[in-house]
Amino acid sequence: MIKLYYSNFSCAMVVHIVLELLKADYEAIKVQIWSEDYKKIAPKWAVPAIIDTEVWDEAMTQIVAILKYLLKKYPNNNIWSDWNIVNDYKLDNVLSFLNSDLHTSFWWAFASQKFTTKTDEESLKAVKEASFLRINRQLWFLDEMLENSDFLVWNKISVADIYAFVIVRWAVYIIPEWIWSFKNISKFYANISKIPEVQKIMEIHGK
């Protein structure tokens with residue numbers, strides 16, 4: 001069994017949805033990220049973390065590594081296609097963009113106090129505004145990637161689409177006046193939102 005450790009409004013939602021899509025045998029455990037109990041499981045306090053009790057008792061972290069692990073553990077699935085060196089690169093290329101560029105753009109918006117030594121409101125506001133500019137630039141790239149396809153990697157859903165959906169969901173909350181100006185992202189978000197497994201996990205994490 002897979003044990004998934006998650007918190008609401010985090011990227012752990014990606015793994016949660018993917019486990020549903022894979023029809024995996026799993027248990028989802030909601031945690032307090034900064035608690036001492038969770039530190040014993042994941043010393044960096046980060047989510048998601050998973051433990052595959054069929055393999056070992058060590059927590060696996062880092063979302064891209066977890067996603068690739070699950071695809072290999074459940075090879076007969078509907079969110080992976082034609083495993084070969086080229087397709088593997090295509091998936092890794094998109095996952096790297098999502099993880100390194102788009103995902104990290106939100107750090108300054110969510111925790112502006114961690115990116116400046118100043119504590120006054122004006123300084124924190126400046127950090128957030130800089131974050132919004134970076135988010136906007138990365139969303140532009142994402143919108144371009146969706147110009148001629150409903151999905152990011154192949155002409156079918158993949159873990160990259162689920163990851164992108166969860167990140168766009170953050171943007172819907174913090175910059176709704178921007179996100180709907182991206183026509184391809186808006187269509188993409190609406191389509192992924194209709195997937196039953198996505199709806200199920202959204203209910204758990206809160207819409």
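## Exercises on a predicted model

In this predicted model, I29 touches K3, L4, Y5 and Y6, leaving aside residues up to four places away in sequence. Let's start from there.

**Exercise 1.** Find the element that holds I29, and work out whether I29 is buried, partly exposed or exposed.

*Solution.* Step one: I29 sits in strand β2, residues 26–30. Step two: its relative accessibility is 23%. Buried means under 20% and exposed over 50%, so I29 counts as partly exposed. As an extra, the C-alpha atoms of I29 and S7 are 8.4 Å apart, with their positions 22 residues apart along the chain.

**Exercise 2.** Check the end-to-end span of helix α7 against the expected value.

*Solution.* Step one: α7 covers residues 159–174, which makes 16 residues. Step two: at 1.5 Å a residue, the helix should span 22 Å. Step three: the end C-alpha atoms are 24 Å apart, which agrees. While you are here, note that 14 of the 16 residues of α7 are buried, so the helix is mostly covered.

**Exercise 3.** Which parts of the chain does the salt bridge between K200 and E20 tie together?

*Solution.* Step one: the two side chains meet with N and O 3.2 Å apart. Step two: K200 lies in helix α10 (residues 196–205) and E20 in helix α1 (residues 12–21), so the pair ties together parts 180 residues apart in sequence. Step three: K200 is partly exposed at 45% relative accessibility, whereas E20 is buried at 15%.

Key
Residues are numbered from 1 along each chain as its sequence is written. This is a predicted model: local features need pLDDT of at least 70, side-chain atom pairs count only at pLDDT 80 or more; totals for chains, interfaces and linings use all residues. Side-chain values use heavy atoms; hydrogens and water are left out. Helices (H or I, at least four residues) and strands (E, at least two) are DSSP runs, numbered from the N terminus. Buried means under 20% relative accessible area, exposed over 50%, partly exposed in between (1.4 Å probe, protein chains only). Contact means heavy atoms within 4.5 Å. The expected span of a helix is 1.5 Å times one less than its number of residues. A salt bridge is a side-chain nitrogen of Lys or Arg within 4 Å of a carboxyl oxygen of Asp or Glu.
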